[in-house]
Amino acid sequence: MWYVMQVLTGEEEKMKKLCLAHIKAPVLETCFAPQYEEMKRYHGKYHKEKKLLFPGYLILVTNHIYELISKLGKIDGFKRVLGDKDCMVPLSNSEMAFLTKFGGTEHIVEMSIGMIVNDQVQITSGPMMGMEGCIRKIDRHKRTARIEVEMFGRTMEATIGVEIIKKIKK
């Protein structure tokens with residue numbers, strides 16, 4: 001099962017390393033912070049960079065959640081695992097499918113490529129293909145899109161990399 005741990009924003013990589021170093025399988029199979037690719041321009045060229053898809057969150061993969069929480073409590077910086085009062089709630093099948101489809105096995109959402117036809121976004125390649133309805137805003141200058149997805153039991157906004165190669169008016 002996949003669970004979500006909330007951490008201090010900016011501490012995701014540190015907490016990931018601490019968890020993997022102090023908690024071994026089978027209690028913790030793996031943990032990761034989903035990322036996305038973005039193009040940044042510096043030194044006169046564009047460079048691909050990776051940024052966090054959901055800052056402040058780590059995904060924990062375990063079948064021993066209560067033993068894991070017990071061990072997490074001993075790690076400095078642990079905030080909480082998302083859930084309700086009495087039990088920890090794993091990600092739904094649709095949330096896991098979204099993360100797997102978008103990020104693949106490396107959990108990195110690659111750049112999508114598309115165009116704008118009559119003010120409608122059409123993605124021609126990449127993980128956003130067929131998911132244009134999730135896009136709320138395109139920033140062509142930054143080569144990013146703000147998307148809205150159901151994640152962690154609520155509607156969340158995230159940024160992903162999108163290259164709009166042309167705009168067509170018919």
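How many nonpolar, polar and charged residues are found in the lining of the largest cavity? In this predicted model, the lining divides by class into 7 nonpolar and 2 polar residues, with no charged residues. The residues concerned are F32, P34, L53, F98, L99, F102, G103, H107 and V109, and the largest share of them, 4 residues, is contributed by helix α3, which spans residues 93-103. The space inside this largest cavity amounts to about 40 Å³, and the count of cavities of 30 Å³ or more comes to 1.

The backbone was also examined for unusual geometry. Most peptide bonds are trans, and most residues other than glycine have a negative phi. Against this background, the peptide bond from A25 to P26 is cis, with omega near 5°, and P26 is placed in the loop that runs between α1 (12-22) and β2 (30-32).

Positive phi values are found at two further loop positions, N118 and F152. N118, although not a glycine, has a phi of about 50° and belongs to the loop between β8 (112-117) and β9 (120-125); because its relative accessibility is 36%, which falls between the limits of 20% and 50%, N118 counts as partly exposed. F152, likewise not a glycine, has a positive phi of about 60° and is located in the loop between β11 (144-151) and β12 (154-168). With a relative accessible area of 10%, F152 lies under the 20% cut-off and is therefore classed as buried.

Conventions. Residues are numbered from 1 along each chain as its sequence is written. This is a predicted model: local features need pLDDT of at least 70, side-chain atom pairs count only at pLDDT 80 or more; totals for chains, interfaces and linings use all residues. Side-chain values use heavy atoms; hydrogens and water are left out. On a 1 Å grid over the protein atoms alone, a cavity is a set of points where a 1.4 Å probe fits but cannot get out, and a pocket is an open set with protein on both sides within 12 Å along at least five of seven lines; lining residues have an atom within 4 Å of a point. Grid points are joined across faces, edges and corners, and a volume is the space filled by probe spheres set on the points. Helices (H or I, at least four residues) and strands (E, at least two) are DSSP runs, numbered from the N terminus. Ala, Val, Leu, Ile, Met, Phe, Trp, Tyr, Cys and Pro count as nonpolar, Asp, Glu, Lys and Arg as charged, and the others, Gly among them, as polar. Buried means under 20% relative accessible area, exposed over 50%, partly exposed in between (1.4 Å probe, protein chains only).
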